[in-house]
Every structure is written in structure tokens, then in C-alpha cells.
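Trainee: I'm about to see this one for the first time. Please show me how each label gets earned.

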Amino acid sequence: MAQEIGAFSNTWKVLIFDEDIETLARHAEPFEAQGFEVHKCMSIESAMRCIEREEFDIAVVDQGSSAFEGRRIIRHLVRYNSPLPFIVLTRSLDDQCSQQAFELGATEYLEKPVSTAKVNMIIQEFLGKSMKE
């Protein structure tokens with residue numbers, strides 16, 4: 001993880017991928033409010049480059065369509081980062097994509113729009129689990 005427990009000089013790092021700039025900003029807001037270092041990516045290629053340069057603590061990945069374009073990013077995360085929690089967001093729930101997301105290690109598979117309250121709850125759960133590790 002990017003932060004060592006008890007080390008206050010480091011910040012938690014989150015990767016957020018979504019091709020829609022408004023959705024990207026909306027999902028980044030609660031993480032920024034909690035003091036996370038947020039890396040926002042609007043393309044698969046930029047997300048993959050970011051993953052190669054940084055180590056993340058948590059990720060939020062857009063599914064895209066039923067072709068599940070975000071799967072490439074998730075595979076890259078798994079390859080370059082130690083196991084980390086990630087959330088998959090989608091405009092339309094799809095059983096096959098949901099199954100693939102959970103098989104890849106997703107902790108959540110949620111339909112957009114996701115409320116700020118839900119994102120805050122996920123952040124608190126993540127922080128609670130991380131403090132116990």
C-alpha cells in the first residue's frame with residue numbers, strides 16, 4: 001500500500017477511471033475530501049500508464065459498455081499493484097460483467113449514479129479495514 005499505517009506524511013492513493021469528465025469529477029470529490037491523492041484518468045491508455053508509474057491503495061473503474069473495457073485496466077492493476085480493493089461502476093448492470101468483475105477481485109459492482117453517501121461509506125470501510133491490517 002502507498003501508506004504505512006501510522007505514517008502521516010504519506011497519503012492514500014486512489015485511481016479513478018471514467019471516460020466522462022463530469023462523472024470522474026463527481027467520484028473523485030469524496031476521496032479528495034478525505035485527503036486521498038486522486039489520480040483521474042479518462043482513457044484506458046492514460047490509466048494504464050498511471051498504474052505503471054504509481055502504486056495505488058484503491059481504484060474505481062468504469063465498466064464502459066457490456067464489452068467491459070475497464071477489464072483491461074483491472075488486469076493491469078492486478079499485474080502492477082499488490083492486491084488492492086477496486087470498485088467497478090457501470091451505467092447498466094450486466095450479470096456477465098458483474099461475474100467477471102468479482103472474478104478479477106472487485107469489492108463492489110455498482111450502477112451509476114453512485115451517491116456521495118455510498119462512496120463515503122466505501123471509503124470508511126476501506127479505511128477501517130486498512131487500519132486493522
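Trainee: Which residue stands opposite T90 in β5?

Mentor: That's E111. Before we go on, a word of care: this is a predicted model, where local features need pLDDT of at least 70, side-chain atom pairs count only at pLDDT 80 or more, and totals for chains, interfaces and linings use all residues. Residues are numbered from 1 along each chain as its sequence is written, and side-chain values use heavy atoms, with hydrogens and water left out.

Trainee: What makes something a strand or a helix here?

Mentor: Both are DSSP runs: H or I over at least four residues for a helix, E over at least two for a strand, numbered from the N terminus. By that count the protein has five helices and five strands, in the order β-α-β-α-β-α-β-α-β-α along the sequence.

Trainee: What makes β4 and β5 a pair?

Mentor: DSSP must find at least two bridges between two strands. β4 and β5 (residues 108-111) have four, in the parallel sense, so they qualify. On β4's partner β3 (residues 58-62), the story is again four bridges and a parallel run, with A59 standing opposite F86.

Trainee: Why are these crossovers called right-handed?

Mentor: Point the strands away from you; if the path from the first strand over the helix to the second runs clockwise, the crossover is right-handed. β3, helix α3 (residues 70-80) and β4 make such a unit. β4, helix α4 (residues 95-104) and β5 make one too.

Trainee: What makes L110 count as buried?

Mentor: Buried means under 20% relative accessible area, exposed over 50%, and partly exposed in between, with a 1.4 Å probe and protein chains only. L110 comes out at 14%, so it counts as buried. L110 sits in strand β5, and its contacts (heavy atoms within 4.5 Å) beyond four places in sequence are I87, V88, L89, T90, L93, K118 and I122. L93 is 17 residues away in sequence, with the two C-alphas 7.6 Å apart.

Trainee: How many residues of β4 are buried?

Mentor: Five of its five, residues 86-90, which leaves β4 mostly covered. F86, V88 and T90 point one way, I87 and L89 the other. In a regular strand, side chains alternate between the two faces of the sheet.

Trainee: What makes a nonpolar core?

Mentor: Take buried Ala, Val, Leu, Ile, Met, Phe, Trp, Tyr and Cys residues, and join those with side-chain atoms within 4.5 Å. The largest core here has 22 residues, and L15, A59, V61, I73, L77 and V88 touch the most other members. At least two residues each come from β1 (13-17), α2 (44-53), β3, α3, β4 and α4, with α2 giving the most, five. Apart from it lies another core of 19 residues, among them I16, L24, I58 and V119. Nonpolar side chains tend to be buried together in soluble globular proteins.

Trainee: Which side chain of opposite charge is nearest to E108, and why is there no salt bridge?

Mentor: The nearest is K118, 4.1 Å away. A salt bridge needs a Lys or Arg side-chain nitrogen within 4 Å of an Asp or Glu carboxyl oxygen, so 4.1 Å falls outside the cut-off. For charge, Lys and Arg count as positive, Asp and Glu as negative, and His and the chain ends aren't counted. E108 is buried all the same.

Trainee: How do you know that H76 is buried?

Mentor: Its relative accessible area is 7%, so it passes the under 20% test. H76 is found in helix α3 and touches M48, I51 and E52, leaving out residues up to four places away.

Trainee: What makes F68 and P113 stand out?

Mentor: F68 has a phi near 55 degrees, positive in a residue other than glycine. It lies in the loop between β3 and α3 and, at 1% relative accessibility, counts as buried. P113, in the loop between β5 and α5 (116-132), follows a cis peptide bond from K112, with omega near -5 degrees. Most residues other than glycine have a negative phi, and most peptide bonds are trans.
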